[in-house]
Amino acid sequence: MFVSLTHIAREVANIEECIDFYRRYCGFEVVHRRNSANGGSIVWIGEPSKSDEFIFVLMSGGEGKLQEERSYDHLGFALESHE
């Protein structure tokens with residue numbers, strides 16, 4: 001059986017700010033958007049040339065969560081520069 005990671009789904013406190021971040025810094029584009037059952041939004045966003053292989057699914061309504069001080073949890077991206 002072939003297994004492949006296709007998406008990561010996250011609840012976010014402010015979906016529009018999250019979309020703006022991924023557009024601005026990663027060049028992601030919105031692939032699909034729909035309303036959720038709770039009146040929020042569900043947005044599929046990904047790298048344009050690879051969105052049929054892997055996407056982020058952003059769901060509005062998540063709590064604002066602060067990362068613990070010594071946590072190294074993160075998503076890694078290769079960018080042209082640190083700026």
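**Figure 1. A polar contact of 2.4 Å links the side chains of S36 and N38.** The model shown here and in the views below is predicted. S36 sits in the loop that runs between β2 (29–35) and β3. S36 counts as buried because its relative accessible area is 17%, below the 20% cut-off. Leaving aside residues up to four places away in sequence, S36 touches S41 and I42.

**Figure 2. S41 in strand β3.** The relative accessible area of S41 is 15%, so S41 is buried. Its neighbours come from several stretches of sequence. Residues up to four places away are not counted. S41 then touches R33, R34, N35 and S36. I15 is another contact of S41. L58, M59 and S60 complete the list for S41. The S36 contact appears from the other side in Figure 1, where S36 touches S41.

**Figure 3. The largest nonpolar core, with 11 residues.** The members are V12, I15, C18, I19, Y22, C26, F28, V43, I45, F56 and L58. Three elements, α1 (15–26), β3 (41–46) and β4 (55–60), each supply at least two of these residues. Which element gives the most to this core? The answer is α1, with 5 residues. In soluble globular proteins, nonpolar side chains tend to be buried together.

**Figure 4. Surroundings of the core residue V12.** Residues up to four places away in sequence are again left out. V12 touches C18 and L58, and both of these are core members as well. V12 also touches M59, S60, G61 and G62. L58, M59 and S60 are contacts of S41 too.

**Figure 5. The salt bridge between E16 and R33.** A search of the whole structure finds 2 salt bridges. In this one, the side chains meet at 2.2 Å, N to O. E16 belongs to helix α1 and R33 to strand β2, so the pair ties together parts that are 17 residues apart in sequence. Are the two partners buried or exposed? E16 is partly exposed, because its relative accessibility is 42%. R33 is also partly exposed, at 41%. R33 is among the residues that S41 touches. Side chains of opposite charge can pair when their charged atoms come close.

**Figure 6. The salt bridge between R24 and D20.** The closest N and O atoms of R24 and D20 are 3.0 Å apart. Both residues lie in helix α1. They are 4 residues apart, about one turn of the helix. R24 is exposed, because its relative accessible area is 56%. D20 is partly exposed, at 35% relative accessibility.

**Figure 7. K50 in the loop between β3 and β4.** At 40% relative accessibility, K50 is partly exposed. How far apart in space are K50 and F28, C-alpha to C-alpha? The distance is 9.8 Å, with their positions 22 residues apart in sequence. F28 is one of the core residues in Figure 3.

**Figure 8. A nonpolar surface patch made by L75, F77 and L79.** The patch covers about 270 Å². F77 is found in the segment after β4. F77 counts as partly exposed because its relative accessibility is 35%. That value lies over the 30% that a patch residue needs.

Definitions and conventions: Residues are numbered from 1 along each chain as its sequence is written. This is a predicted model: local features need pLDDT of at least 70, side-chain atom pairs count only at pLDDT 80 or more; totals for chains, interfaces and linings use all residues. Side-chain values use heavy atoms; hydrogens and water are left out. A nonpolar core is a set of buried Ala, Val, Leu, Ile, Met, Phe, Trp, Tyr and Cys residues joined through side-chain atoms within 4.5 Å. Buried means under 20% relative accessible area, exposed over 50%, partly exposed in between (1.4 Å probe, protein chains only). Helices (H or I, at least four residues) and strands (E, at least two) are DSSP runs, numbered from the N terminus. Contact means heavy atoms within 4.5 Å. Patches are made of residues with over 30% relative accessible area and no salt bridge: like charges are joined within 9 Å, nonpolar side chains (Val, Leu, Ile, Met, Phe, Trp, Tyr) within 5 Å. Accessible areas come from the Shrake-Rupley method with a 1.4 Å probe; for residues, only the protein chains shown count as cover. A salt bridge is a side-chain nitrogen of Lys or Arg within 4 Å of a carboxyl oxygen of Asp or Glu. A polar contact is a pair of N or O atoms within 3.5 Å; within protein, one must be able to donate a hydrogen and the other to accept it, and residues adjacent in sequence count only if both atoms are side-chain atoms.
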